[in-house]
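User: I would like to learn how to read the features of a protein model. Please take me through them step by step.

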Amino acid sequence: MNNQAWMVWPENPAVSVLVLVVLAMLFLYAARKPMHALIHSLGRSAVGPLRLGARWLISAADRMAYRNRAVLLAQGRQEVGTRIEREFERIGALVTRELQGYPTLQRKLLDEITRVEEDYRKCGEVPPPPPDWVDAVTAMASVKGGNEMVLRVLEEIRRSVNSIHDKALAEYRRAYEGRHKILEGFMPFWRSLDKTLGQVDRNIASLHSSAATLDAQMEKYEEIVSGSDKAEHALNVSGFTQFAIAALVLAVAAGGAFINFKLIALPMSEMVGAGDYITANLRTSEVAALVIILVEASMGLFLLEALRITHLFPRIANLNDRMRHRILWIALTLLVTLAGVEAALALMRDMLIADKAALLQSLATAAQPAVTDGWVGRIPTAGQMLLGFILPFALAFIAIPLESLIHSGRTVGGVLAVALVRIAAFALRFAGNVARHLSRVLVNLYDVAIVIPLLVERVAAKAPKRAVAPDVDDAERTHA
Amino acid sequence: MLKRMLVVLLFALSACGDSRDHSHAVYMLVDTSGTYAQESAKAQLIINYLLGTLQPGDSLAVARVKSRSFSEKDIIAKATFDSRPSQANAQKRAFRDAIDNSLKLVTPSRYTDITGAMIQAAEHLNEAGAGRKTIIVFSDMQEELDKVTVRNFPISLRDIRIVAVNVVKLNTDNVDPRRYLGRLDDWKKRVEAAGATEWRVINDLERLDAILARS
């Protein structure tokens with residue numbers, strides 16, 4: 001095709017271009033209004049659906065947020081309700097256990113107090129009063145003169161008094177000794193009394209603490225029932241925290257599962273063969289090992305369900321106790337069996353690796369001396385077997401974080417979905433605004449492209465005004 | 001009960017499994033002609049490497065390259081390793097012993113029929129039906145045929161990798177290296193024309209891992 005076909009004057013490209021530009025400009029000028037209308041129309045046709053979509057998304061996000069809030073509050077109500085129920089049960093058990101014996105305790109206390117009072121009363125006995133002969137001695141002592149008779153009598157009295165005094169003192173000491181013994185006998189009663197009162201104090205304190213916890217839970221429950229923003233925020237935060245913790249624990253469990261997988265993948269090839277493949281890079285033996293680990297996790301799940309620790313399967317939770325116990329024992333038996341199988345596989349893995357190492361050693365050109373490890377060399381084997389036996393039980397507990405993850409996943413997923421829908425709504429609204437402004441920019445660009453005809457039009461539009469004005473005046477004058 | 005569960009699960013999985021064969025069949029040709037027969041110790045090294053590297057389910061055959069080698073009688077040892085690792089290891093030990101005994105008794109042949117040995121190897125590998133097929137040629141790649149033997153016709157090595165190992169330089173190659181390079185180039189063209197998936201030359205025995213590596 002000839003490259004100069006478009007040229008008006010093939011010998012002069014500049015003039016050709018100029019002519020074409022002028023022609024194009026004239027054409028564009030002529031089509032200005034319809035083109036403006038077309039661009040505006042295109043802009044509106046883009047903006048309308050985008051804004052409509054944004055509005056719909058915002059409305060959907062609001063509905064989702066409302067639904068999330070309802071679900072969150074219902075979950076929170078159920079959770080806190082269950083906790084309050086548990087607290088009441090605990091308090092009930094405490095009251096039954098501790099305060100059931102309270103009348104007996106009170107009777108015991110009263111008996112001990114009565115006994116203490118009686119003993120105390122016994123201690124209150126006063127020593128015998130001094131005998132009447134004290135007055136006689138006083139009278140004799142007041143007789144004047146050194147009558148020998150009196151002296152003898154006094155001497156006799158002194159002797160008698162000393163004798164009586166000794167007796168009275170001995171009697172007095174005996175009496176006090178008796179009272180001390182009574183007081184000494186008080187000690188066990190006091191101790192028992194102290195212990196009993198201490199027990200009562202502890203029970204009351206425990207009740208007080210439980211009541212305080214219950215009050216806090218009730219306050220929380222009331223807030224949830226009233227549907228306050230504070231309660232919703234607290235439940236959201238709690239949901240996110242639970243989700244993060246559960247995800248972390250599950251990640252740790254996944255690490256354990258990986259170790260477990262490594263332990264049994266190689267020996268499984270002894271059972272199912274090493275030449276079968278599920279996909280290009282996935283051996284059947286590896287899948288079999290994975291299946292065993294998943295079966296162990298499932299058994300753990302059923303075990304914890306049967307123990308009513310988790311509540312992922314309402315059917316199991318609703319079973320009667322007899323059936324539940326059967327499921328519990330079946331799951332436990334299977335878990336123990338699988339753990340035993342894993343321990344055996346771990347041993348086989350060790351043997352296979354040792355066999356392979358021996359083969360490679362025998363294939364090596366330079367003969368290497370055989371290393372005898374003794375009992376030290378058996379430590380890894382024992383460790384592997386132990387790990388193989390323990391890991392299934394450890395994996396069984398992933399049911400707890402799994403349940404937590406599933407429950408909190410609803411909250412987290414709901415919040416994220418709402419955020420996502422709102423972002424989408426914002427993006428649509430933003431795109432709508434961009435489209436609107438783009439149509440304006442395109443209109444302006446169009447005008448820039450035909451700026452010369454527009455200038456001519458403007459000049460022409462101004463000139464006739466001046467020319468027309470006198471005509472109007474003339475007309476008016478003529479009319480007048 | 002557990003075993004039954006396992007079997008059922010594995011049956012269900014194998015029903016939707018990969019039907020392709022992932023096993024690897026290797027056929028090694030050991031040149032025993034002329035002075036090259038002295039290199040048998042290196043051949044043993046390569047066989048040991050293969051024994052240590054091949055997985056359960058793979059197969060290995062070792063054959064001599066003699067004056068006329070299109071014959072099953074030239075196969076020194078062959079084995080398809082059991083899918084159970086412990087059994088496979090026992091088979092590998094037996095294979096190694098068989099090779100040790102055979103290579104001790106190797107007598108140099110007068111001519112070198114590499115083409116006939118390759119046709120035999122290709123037949124063996126195609127019969128084995130493995131997913132990956134490799135022919136390892138332990139030779140100087142200098143084919144010498146007697147007057148009666150006919151090998152100048154197109155051969156088929158479809159879907160087979162050809163790896164030439166320890167291609168030593170002959171005295172004449174030292175005089176004119178173009179002979180060596182031309183010989184290798186001729187073989188490359190020939191095996192590629194025969195439909196081989198790959199042609200590779202490995203002279204450094206420290207790089208044996210390249211024998212089984214995919215390009």
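Analyst: Start with the elements: helices and strands are DSSP runs, numbered from the N terminus, and a helix needs at least four residues. This is a predicted model.

User: What do the elements of chain A look like from the N terminus on?

Analyst: They run α-α-α-α-α-α-α-α-α-α-α-α. Chain A therefore has 12 helices and zero strands, counting such runs.

User: How far can I trust the prediction?

Analyst: Where pLDDT is low, the predicted coordinates should not be read in detail. For chain B the mean pLDDT is 85, and 90% of the residues reach 70 or more. For the complex, the predictor gives an ipTM of 0.77 and a pTM of 0.64.

User: Is Asn260(A) buried or exposed?

Analyst: Buried means a relative accessible area under 20%. Asn260(A) has 0%, so the residue counts as buried. Its place is in helix α6 of chain A, residues 229-272.

User: Which residues is Asn260(A) in contact with, leaving aside neighbours within four places in sequence?

Analyst: They are Ile293(A), Glu296(A), Glu342(A), Leu391(A), Pro392(A) and Leu395(A).

User: What do such numbers come to over chain A as a whole?

Analyst: Of the 480 residues in chain A, 28% are buried. The accessible surface of the chain is about 31,500 Å², and carbon and sulfur atoms account for 66% of that surface. As for contacts between residues at least 6 apart in sequence, 80% join residues at least 24 apart.

User: Why does Val434(A) count as partly exposed?

Analyst: Partly exposed lies between the two cut-offs, 20% and 50%. Val434(A) counts as partly exposed because its relative accessibility is 40%. This residue is in helix α11 of chain A, residues 399-449. Its C-alpha atom is 9.4 Å from that of Gly43(A), although the two residues are 391 residues apart along the chain.

User: How is empty space found, and what is the volume of the largest pocket?

Analyst: Rolling a probe the size of a water molecule over the atoms shows where empty space is left. Here the largest pocket has a volume of about 840 Å³.

User: Which residues line the largest pocket?

Analyst: The lining holds 24 residues, and those nearest the centre are Gln75(A), Gln78(A), Glu79(A), Gln242(A) and His407(A). By kind, the lining divides into six nonpolar, 13 polar and five charged residues. At least two lining residues come from each of α2 (32-99), α6 and α11 of chain A. The most come from α2(A), which gives nine.

User: Where is Val106(B)?

Analyst: In chain B, Val106(B) sits in the loop between α3 (85-104) and α4 (114-128). A residue in a loop can be read for burial in the usual way: Val106(B) is buried, with a relative accessible area of 18%. Not counting residues up to four places away in sequence, Val106(B) touches Thr32(B) and Arg64(B). The C-alpha atoms of Val106(B) and Thr32(B) are 7.2 Å apart, with their places 74 residues apart along the chain.

User: And what does Thr112(B) touch, not counting residues up to four places away in sequence?

Analyst: Thr112(B) touches Asp31(B), Ser33(B), Val65(B), Lys66(B), Gln142(B), Glu143(B), Glu144(B) and Leu145(B). Thr112(B) also lies in the loop between α3 and α4 of chain B. Its relative accessibility is 1%, so Thr112(B) counts as buried. Between the C-alpha atoms of Thr112(B) and Gly34(B) the separation is 8.6 Å, and these residues are 78 residues apart along the chain.

Note on methods:
Residues are numbered from 1 along each chain as its sequence is written. Chains are lettered from A and ligands numbered from 1 in the order in which they are written. This is a predicted model: local features need pLDDT of at least 70, side-chain atom pairs count only at pLDDT 80 or more; totals for chains, interfaces and linings use all residues. Side-chain values use heavy atoms; hydrogens and water are left out. Buried means under 20% relative accessible area, exposed over 50%, partly exposed in between (1.4 Å probe, protein chains only). Contact means heavy atoms within 4.5 Å. Accessible areas come from the Shrake-Rupley method with a 1.4 Å probe; for residues, only the protein chains shown count as cover. pLDDT is the predictor's confidence in each residue, from 0 to 100. On a 1 Å grid over the protein atoms alone, a cavity is a set of points where a 1.4 Å probe fits but cannot get out, and a pocket is an open set with protein on both sides within 12 Å along at least five of seven lines; lining residues have an atom within 4 Å of a point. Grid points are joined across faces, edges and corners, and a volume is the space filled by probe spheres set on the points. Ala, Val, Leu, Ile, Met, Phe, Trp, Tyr, Cys and Pro count as nonpolar, Asp, Glu, Lys and Arg as charged, and the others, Gly among them, as polar.
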